[in-house]
Amino acid sequence: MNSLRSLSYSSIREALSHQTPTKLSSLSPLYSYNQRRWLKPVDSAQTRLENRTRDNRLDKLIVHIRKLNIILEITKLMGNKKRGPFVSLQLMSRWKNIVGLNVSIGAFVGKYPHAFEIFTHPCRRNLCCRITDKLKELVEEEESVVREIEVDAVRRVKKLLLMSRKGVLNVHALRLMRKELGLPEDFRDSVLAKYTSEFRLVDLETLELVDGDDDERLSVAKVEEWREVEYREKWLSEFETNYAFPINLPTGFKIEKGFREELRNWQRVPYLKPYERKEISRSVERFEKRVVAVIHELLSLTVEKMVEVERLAHFRKDLAIEVNLREVILKHPGIFYVSTKGSTQTLFLREAYSKGCLIEPNPVYSVRRKMLDLVLLEKRHSKELLQSCEEERDVEVRYDEDWEGERDGDWILPILEK
């Protein structure tokens, strides 16, 4: 009897010693459940970005804008090369990686006959490309409009300086955002060096405000105008509107239990406003709300009410944004929207857009919208365009008589020009 009992014990020990953890977990499903039930879901900027409610219209707008930016970059390269009124497609093929294309540049420009015209050179018989008159006119119109609203651009720069912590800004950050702020390409010489009574260059990369004491009108944030309308027209109390922001939740946004109450409490939280020169509160909730106000005001100063997140990050030090920028932005889907289309993250001010268009357009936005509409035509109405181009082809293909720039190879022999 004892021998049988010892044999059974030894067989049980042997079975347990050979039992693998996988078999144990398969035999007892409650074991694996108990191991997993304590794992909390990760709530980070990346998970918020992946789980956010998409705005298809703003995403589609970014895709179109990326195409326009590539076309404008090609146009700039064609102008910088000084090769005459046209460039060979063989030369343009070297620009594929520069402009960030994953298709051949010839196939790309062929999709947009309203922006580029492809033709065969009469002497060398190779394919060449030139910018259409319509696109050239719009590029010149944008440059002209930017020059005309120079005073508004100065006002934007000055408001950024007033919003900064020490009244200084990094010129490199302004250079990265010159297009968004409506500044010309040569803004350092044409704007910064011209308006010395407003700001001055301390060194090569630091811009300083000259005197900000008499700028009470500039020290009013854009959101204050909305608050005044809410207070007067909707008869809301000052307690409800003094620190509130316009909330425009995206279509399809899932409102969870307690969200409305949490949002209502956040709207009432007081904070140090962007242009107030006081000590910044170290309370986490008030500090983060001030960051939201600073980003909101910076986006309001841009021409198209949008900016790439990477470019915005260059203002973190000067504007005292000492938090995780993406995390704060993604916490407020009713104020901001982040689009990940076009291999970059673009931040929109949600209240400024309706159905993919800016609600209050400005001259710079209007001319850029014309460019975008021209690009969106693609190959539509291209037959009429082809007929009008054929009438002037013999004249336009030749080099201008007073052209002194480099030419793309010896296409026309000197003996033939006599």
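Two strands pair if DSSP finds at least two bridges between them, and the strands themselves (E, at least two residues), like the helices (H or I, at least four), are DSSP runs numbered from the N terminus. The structure is a predicted model, in which local features need pLDDT of at least 70 and side-chain atom pairs count only at pLDDT 80 or more, while totals for chains, interfaces and linings use all residues. Residues are numbered from 1 along each chain as its sequence is written, and side-chain values use heavy atoms, with hydrogens and water left out.

With these terms, the hairpin of strand 8 and strand 9 has 6 residues between the strands, and in this hairpin G342 takes a positive phi near 75 degrees. Strand 8 (residues 336-339) pairs with strand 9 in the antiparallel sense over 4 bridges, and V338 stands opposite L347 in strand 9. Strand 9 is also joined to strand 7 (residues 306-308), again antiparallel, by 3 bridges, with T346 as the bridge partner of E308. In a regular strand the side chains alternate between the two faces of the sheet. In strand 9 (residues 346-349), T346 and F348 point one way and L347 and L349 the other way, and all are buried, where buried means under 20% relative accessible area, exposed over 50% and partly exposed in between, with a 1.4 Å probe and protein chains only.

Another region holds an open sheet of 3 strands in the order 1-3-2, with antiparallel pairing. Strand 1 (87-88) and strand 2 (116-120) stand at its edges, each with a single partner strand, so one side of each is left without a neighbour in the sheet. Strand 2 is joined to strand 3 (residues 127-131) by 5 bridges in an antiparallel arrangement, and F119 stands opposite C128 in strand 3.

Turning to the helices, helix 16 (residues 284-301) can be followed through two packings, for which axes are lines fitted to C-alpha atoms, for helices over the stretch in contact, and angles run from 0 to 180 degrees between N-to-C directions. The axes of helix 15 (residues 259-268) and helix 16 come within 10 Å and cross at roughly 80 degrees; these two helices are therefore roughly perpendicular to each other, a class that covers 65 to 115 degrees, whereas angles under 35 count as roughly parallel, over 145 as roughly antiparallel and the rest as oblique. Here W266, Q267 and R268 of helix 15 meet E285, K289 and V292 of helix 16, contact meaning heavy atoms within 4.5 Å.

Helix 10 (residues 150-163) packs against helix 16 at an angle of about 170 degrees, with the axes 10 Å apart, and that makes helix 10 roughly antiparallel to helix 16. In this packing R156, K159, L160 and M163 from helix 10 meet R290, V294, E297, L298 and L301 from helix 16.

The interior can be read through the largest nonpolar core, a nonpolar core being a set of buried Ala, Val, Leu, Ile, Met, Phe, Trp, Tyr and Cys residues joined through side-chain atoms within 4.5 Å. Of its 104 residues, I74, M92 and I295 touch the most other members, and helix 5 (residues 56-80) gives the most to this core, with 11 residues. Leaving aside residues up to four places away in sequence, I74 touches M92, W95, V99, I105, F108, V109 and F116.

For the protein as a whole, there are 21 helices and 11 strands, and 40% of the 418 residues count as buried.
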